[in-house]
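I am opening these notes to record what I look up in the model, taking one topic at a time. The strands come before the charged pairs and the core.

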Amino acid sequence: VQLQASGGGLVQAGGSLRLSCAASIRTFSSYVVGWFRQAPGKEREFVAAISARGDTIDFADSVEGRFTISRDNAKNTAYLQMNSLKPEDTAVYYCAADVTRAYVSRWSRRRSEYVYWGQGTQVTVSS
C-alpha cells in the first residue's frame, strides 16, 4: 500500500487548507484512514480518523469543530479539511492506513495501529 499526502502549504492564521491522501490499493474502501501531525521537537500526534465507509469519525480535541475528515472511496482518496487554522497547527501532516479495522475505535488514535504511512505534507500557519 502506498499513500500520498498532498495539499500542505503556508497560510495565515484563520485560513483554510485541504489535505488529500491518495492510496494505491483497490481495497481502500475496506479500512480506517487516519491523519496525524508532527511539530518540530514533538511526538507525532493523532488528528482525525474516518471509518472505511465514512460513517464514523473521530477528532482530537485540539481540532474538533475546526477540521473535518472525509473520503471518496471511488477515488481512493481521503481528505482533511482544516479551517480556522492556528499557528499551533503548524506541523508535518501524515495520513495512515489501519488495514486491520473498518471501524473507528479508541485504537484509531494510536500510531502503532497504522502500518502504512504517507510521506507527510508540511502545513505552516503564520500569525
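Two strands count as paired here if DSSP finds at least two bridges between them. With that in hand I looked up Ser20, working on a predicted model throughout.

**Entry on Ser20 and strand 8**

I located Ser20 in strand 3, which covers residues 17-23, and I found Tyr79 standing opposite Ser20 in strand 8. Strand 3 and strand 8 run antiparallel and are joined by 6 bridges. I then asked whether Ser20 is buried or exposed. Its relative accessibility is 17%, and because the cut-off for buried is under 20%, Ser20 counts as buried. Leaving aside residues up to four places away in sequence, I listed the contacts of Ser20 as Gln4, Ala5, Ser6, Trp35, Thr77, Ala78 and Tyr79.

Strand 8 itself spans residues 77-82, and I noted that 5 of its 6 residues are buried, so that the strand is mostly covered. I also followed strand 8 to strand 7 (residues 67-72), where 6 bridges join the two in an antiparallel arrangement, and where Phe67 stands opposite Met82. The hairpin of strand 7 and strand 8 has 4 residues between the strands, and Asn76 takes a positive phi near 55° there.

**Entry on strand 4**

How many residues of strand 4 are buried? I found 6 of the 7, so the strand is largely enclosed by the rest of the structure. I counted two pairings for this entry: strand 4 is joined to strand 9 by 7 bridges, running antiparallel, and to strand 5 by 5 bridges, also running antiparallel. For the register I noted that the bridge partner of Val32 in strand 9 is Asp98, while the bridge partner of Val33 in strand 5 is Ile50. Strand 4 and strand 5 form a hairpin with 6 residues between them, and in the turn Gly41 has a positive phi of about 80°.

**Entry on salt bridges**

I looked up the salt bridges next and found that the structure holds 7 of them. One of them brings together the side chains of Arg37 and Glu45, at 2.7 Å from N to O. Arg37 counts as buried at 5% relative accessibility, whereas Glu45 is partly exposed, with a relative accessible area of 35%.

In another, the side chains of Glu43 and Arg111 meet at 3.8 Å, N to O. Glu43 lies in the loop between strand 4 (32-38) and strand 5 (45-50) and Arg111 in the loop between strand 9 (91-98) and strand 10 (116-117), so I recorded that the pair ties together parts that are 68 residues apart in sequence. Glu43 is exposed, with a relative accessible area of 62%, and Arg111 is partly exposed, at 38%.

Asp98, which I had already met as the bridge partner of Val32, forms a salt bridge with Arg101, with the closest N and O atoms 3.2 Å apart. Asp98 has 0% relative accessibility and counts as buried. I also noted that salt bridges with shared partners join Arg37, Glu45, Arg66 and Asp89 into one network.

**Entry on the nonpolar core and a surface patch**

Which residues touch the most other members of the largest nonpolar core? Of its 37 residues, I found these to be Trp35, Val47, Phe67, Leu80, Met82 and Tyr93. The elements that give two or more residues to this core are strand 1 (3-6), strand 3, strand 4, strand 5, strand 7, strand 8, strand 9 and strand 11 (121-126).

On the surface I looked up a nonpolar patch of about 220 Å², made by Val1, Val99 and Val115. Val99 lies in the loop between strand 9 and strand 10, and Val99 is partly exposed, with a relative accessible area of 38%.

**Entry on Val11**

I placed Val11 in strand 2, residues 9-12, and noted that Val11 is buried, with a relative accessible area of 12%. Again leaving out residues up to four places away in sequence, I listed its contacts as Ser16, Leu17, Leu85, Thr124, Val125 and Ser126. I also recorded the separation of Val11 and Thr90, which are 79 residues apart in sequence and 9.7 Å apart in space, C-alpha to C-alpha.

Note on methods: Residues are numbered from 1 along each chain as its sequence is written. This is a predicted model: local features need pLDDT of at least 70, side-chain atom pairs count only at pLDDT 80 or more; totals for chains, interfaces and linings use all residues. Side-chain values use heavy atoms; hydrogens and water are left out. Buried means under 20% relative accessible area, exposed over 50%, partly exposed in between (1.4 Å probe, protein chains only). Contact means heavy atoms within 4.5 Å. A salt bridge is a side-chain nitrogen of Lys or Arg within 4 Å of a carboxyl oxygen of Asp or Glu. Patches are made of residues with over 30% relative accessible area and no salt bridge: like charges are joined within 9 Å, nonpolar side chains (Val, Leu, Ile, Met, Phe, Trp, Tyr) within 5 Å. Accessible areas come from the Shrake-Rupley method with a 1.4 Å probe; for residues, only the protein chains shown count as cover. A nonpolar core is a set of buried Ala, Val, Leu, Ile, Met, Phe, Trp, Tyr and Cys residues joined through side-chain atoms within 4.5 Å.
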